Amino acid sequence: MRDEPPENEKVNSLATASRVGFEIERQLGLPLGPGLYLVSTPIGHLADMTLRAIATLARADVVYCEDTRHSRTLLAHYAIRTPLRPYHEHNAEEQRPRILSELEAGRSIALISDAGTPLISDPGFKLVRDAAAAGHAVVAVPGPSATLAALTVGGLPTDAFFFAGFLPAKEGARKSRLAELAAIPATLVFFEAPTRTADTLANLAEELGNREAAVARELTKLHEDVRRAPLTGLTRHFAADPPKGEVVIVVAPPQETEVTDAAIEASLAPALESLSIRDATRMVADTLKVPKARVYDVALGLKRRAGS
Ligand code: SAM
């Protein structure tokens with residue numbers, strides 16, 4: 001087996017730095033057209049800025065953010081001097097007409113949140129809706145998102161997932177929301193405050209069953225930690241040792257329930273009225289996700305009974 005090349009052969013730092021420098025200079029030199037730019041920013045690690053995010057924030061006429069003091073640190077880190085203005089849940093109603101008139105005047109406006117992707121459990125939806133309705137360009141500059149970061153490290157199925165955001169704080173509303181979510185055939189992703197994590201895990205176990213799950217904490221930061229276990233095990237762990245920092249909970253989809261022959265017959269009967277056995281079998285097998293051979297046997301049984 002070939003030995004790994006020494007570190008200095010794998011990464012030629014000077015060449016990489018010069019290439020990155022060239023690329024960011026090129027991005028900074030491109031004109032930024034008028035429009036609303038939705039720029040993702042780090043969820044912890046300051047280096048998680050895409051070159052395009054840096055260049056967009058540097059070239060925009062103004063950057064709207066949730067908290068100007070918080071975002072000033074990020075902009076200062078990249079020596080970006082674009083003016084910052086607040087856009088948050090308490091001033092959005094007054095700010096929106098102002099931003100729309102700036103867009104009307106042909107300005108380039110960037111929207112960021114405190115962390116991650118704007119609009120994802122953060123302000124911006126109504127602004128995007130109104131800007132698009134007024135015919136302005138609305139452009140995503142994608143990047144970090146706690147949702148996707150947690151989903152990818154959770155070790156649970158990723159082919160279908162449902163982002164459920166924050167659960168309601170009140171117990172009754174929380175239980176009825178969980179009842180709505182229980183049957184969704186997808187991995188569920190929740191944001192949660194650290195102080196509520198253990199209680200929420202207990203609620204999830206009660207309402208969804210003891211599914212496999214993961215708690216992703218402080219992603220991309222110094223104390224990053226991902227714990228993967230069934231919900232009751234995670235509940236015990238975090239009740240005894242409440243988490244610090246920011247938390248995402250990821251929960252596996254419900255176990256596939258056994259499809260009975262009666263359920264196959266119920267889908268086949270109407271299909272066989274207009275389709276051949278072959279086509280009806282294929283359609284029902286695809287819909288119910290059961291093997292074609294099994295559906296075919298049930299279809300033959302149905303035909304036999306119909307003919308007798
Ligand atoms: N828009 C952001 C995004 O795209 O990541 C999410 C904003 S939401 C108001 C904040 C929640 O995101 C936190 O309560 C936590 O659930 C999650 N979060 C943000 N940063 C995180 C991190 N570094 N590690 C784990 N969860 C994080």
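**A walk through a predicted model**

L204 is buried, with a relative accessible area of 0%. This model is predicted, so keep that in mind as you read on. Find L204 in helix α9. Which residues does L204 touch, leaving out those up to four places away in sequence? The answer is L178, F190, G209, L231, I249 and V251. Now look for L84. L204 and L84 are 120 residues apart in sequence. In space, their C-alpha atoms lie 40 Å apart.

Stay with helix α9, which covers residues 197-208. T197 belongs to this helix. Is T197 buried or exposed? T197 has a relative accessible area of 0%, so it counts as buried, because the cut-off for buried is under 20%. T197 touches E192, P243, V247 and I249, again not counting residues up to four places away in sequence. I249 is in the list for T197, and I249 is also in the list for L204.

Next comes helix α7, made of residues 146-153. A150 sits in this helix. A150 is buried too, with a relative accessible area of 0%. Set aside its neighbours within four places in sequence. Then A150 is in contact with A216, L219, V248 and V250. Now pick out V298, which is 148 residues from A150 along the chain. The C-alpha atoms of A150 and V298 are separated by 42 Å.

Turn to strand β6, residues 161-166. F161 lies in this strand. F161 is partly exposed, with a relative accessible area of 37%. How far apart are the C-alpha atoms of F161 and T187? They are separated by 4.4 Å, although the two residues are 26 apart along the chain. F161 touches T187, and its other contacts include T147, L148 and L151. A186 and V189 are among them as well. Residues up to four places away in sequence are not counted here.

Now find the ligand. There are 19 residues around it. Which of them come nearest? They are T117, I120, D122, A146 and V247. V247 has appeared before, as a residue that T197 touches. Three backbone approaches are worth tracing. At A146, a backbone N or O atom lies 2.7 Å from an oxygen atom of the ligand. At T117, a polar backbone atom is 2.9 Å from an oxygen atom of the ligand. At A115, a backbone N or O atom lies 3.4 Å from a nitrogen atom of the ligand. How much of the ligand does the protein cover? On its own, the ligand has 580 Å² of accessible area, and the protein covers 91% of this. Two elements give two or more residues to the shell around the ligand: β7 (187-192) and β10 (247-251).

Two loops deserve a look at their backbone angles. Most residues other than glycine have a negative phi. L119 has a positive value, with phi near 80 degrees. Where is L119 found? Look in the loop between β4 (108-111) and α6 (125-133). L119 is partly exposed, with a relative accessible area of 27%. E218 also has a positive phi, near 55 degrees. E218 lies in the loop between β8 (212-217) and β9 (225-230). Is E218 buried or exposed? E218 is buried, with a relative accessible area of 15%.

Finish at helix α11, residues 261-274. The helix has 14 residues. From its first C-alpha to its last, α11 reaches 21 Å, close to the 20 Å expected at 1.5 Å a residue. Where does α11 bend? The bend is at L268, by about 30 degrees. A proline, P270, follows within four residues. L268 is buried, and so are I264, A271 and L272 in this helix. The buried residues of α11 pack against α12 (277-288) and α13 (292-307). A269 lies in α11 as well. A269 is partly exposed, at 37% relative accessibility. A last distance runs from A269 to T147, residues that are 122 apart along the chain. Their C-alpha atoms are separated by 42 Å.

Methods:
Residues numbered from 1 in each chain as written. Predicted model: local features only at pLDDT ≥ 70, side-chain atom pairs only at ≥ 80, totals over all residues. Heavy atoms only, no water. Expected span 1.5 Å × (residues − 1). Bend = angle between axes of the 7 residues up to and from the residue. Buried < 20%, exposed > 50% of the residue type's maximum accessible area, 1.4 Å probe, protein only. Contact = heavy atoms within 4.5 Å. Near = heavy atom within 4 Å. Polar contact = N/O pair within 3.5 Å; in protein donor to acceptor, adjacent residues only side chain to side chain. Areas by Shrake-Rupley, 256 points an atom, 1.4 Å probe, with all protein chains shown as cover.
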